[in-house]
Every structure is written in structure tokens, then in C-alpha cells.
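Here are my notes on the empty space in this one, cavity and pocket in turn. Have the structure open while you read.

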Amino acid sequence: MTATSERRAHLVVLAGELFAEKGFRATTVREIADAAGILSGSLYHHFDSKESIGDEILQGFLNDVLADYRAAVDTGDDPRAVLETIVRTSTGTLARHRAALAMLQNDWTYFSGQPRFGYLRKALQEIEKIWITQFEEGKRAGVFRADLDAKLTYRLLRDILWIPVHWQPGNQWSTPQIVDAFLSLLFHGINEKP
């Protein structure tokens, strides 16, 4: 990695932290530059706008999520195994991309209204379709309840998976413990032993 690309990557991380903390719209280019210890104008040597930094953060996140999801589907495993793989890979991806997830949660109204960020809706639709397809295939195969509302179940599970982004490091549960508890609850409920 060259010094320029290292500097650019460092700026993306700093900006992501600020976007996650303050919100994308509330964070100024000057604040990003100040955090990096450079003049505001120097930031434009690496990016043409704050939106370009946002693009890099969000596209990196969505590319990783979709790559993991597609790989899980490509295994050809049964729907339950695919969903388990998706949950396990999602937690790692979400942990690596906390800033992007916070940006989506906190500034979705802004991003969804900007043509530049139109790819977000398309990527999120593909993510939703992957989940729903697995639920529907599982229903047909008798792996999941026949009365399962696939879209509602997806929305509930997605929101649960996104909650740990707000948890601070050092909580009493590790990420693997959270994932195992989530999967146990998902596949076994609270009425029976796993």
C-alpha cells in the first residue's frame, strides 16, 4: 500500500468515526480535516467531497455483506444452514463496518433521497430478497413453519442483528455468545431446549 492510499484509508476511518458519532449530515469537512491534523483543502486532494467519503464507507460495507450472503447461498446448503451462515458472517461484517451501519441507521432519510446513493436501495433490496428466498424455500421444504411471514421475519431479524452496533466493547457478552444466543432463539425459540 502506498503512502497516499494509506493516508486515504486513514481519512476514511476517521471520517467514518465522526459520521457514526455525529451523523453524516452534521459532520463537516473541516471536522474531518481537523481530526486528521490537516487543512480542509488538503482533504480534497484525496476526495472530491464528503459524499465521496460516504460512498467509500457505504459501498465497502454493502459489498462485503453481499459477498458473504451470495457465498452462503452458493453453498447450496439447506435454508437453515444458509441463514445460520448469513447470521455468523453478518456479525463479523457489521463489527468491521460499524460506521457504515450507524450512517445507514442515523441518516437513511438523507441517503435515500440523494440520487448519488441510489445504489443503497438496490443493495438493501437484494439483501432482503436473499433472506426472504431462504425463508420461503425453508417453508416449502418443511424446515420452517408454513405460516411464517417471510418479509416480517426478515425485518425483525435484520433489526435484531443491527442492535449490537450500539453496544460498547467490554459488555459481558462476546460477539460469538450473542450470535449463538440469537441463533438458538431463532431456531429453537424460548419454549424448548436446543
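1. Keep in mind that this is a predicted model. The cavity count comes to 1, taking those of 30 Å³ or more. As for how much room there is inside, the largest cavity holds about 130 Å³ of space.

2. Who surrounds it? The lining of the largest cavity is made up of 13 residues. If you want to centre your view, pick V65, Y69, I127, R158 and W162, since these lie nearest the cavity's centre. Looking at elements, α4 (50-74), α5 (79-96), α7 (118-141) and α8 (150-162) each give two or more residues to that lining.

3. On chemistry, the lining of the largest cavity splits into 11 nonpolar residues, 1 polar and 1 charged. I'd keep that split in view when you look at the residues around the centre.

4. Now for the open space. The largest pocket has a volume of about 610 Å³. It is lined by 20 residues, and L157, F182, L185, L186 and F187 are the closest to its centre.

5. Which elements give two or more residues to the lining of the largest pocket? They are α8 and α9 (175-188). Of the elements, α9 gives the most, with 7 residues. Note that α8 turns up for the largest cavity and again for the largest pocket.

6. Last, the pocket's make-up: the lining of the largest pocket has 17 nonpolar residues, along with 2 polar and 1 charged.

Notes: Residues numbered from 1 in each chain as written. Predicted model: local features only at pLDDT ≥ 70, side-chain atom pairs only at ≥ 80, totals over all residues. Heavy atoms only, no water. 1 Å grid on protein atoms, 1.4 Å probe; cavity = no way out; pocket = protein on both sides within 12 Å on 5 of 7 lines; lining within 4 Å. Points joined across faces, edges and corners; volume = space filled by probe spheres on them. Helix = DSSP H or I, 4+ residues; strand = E, 2+ residues; numbered from the N terminus. Nonpolar A, V, L, I, M, F, W, Y, C, P; charged D, E, K, R; others polar.
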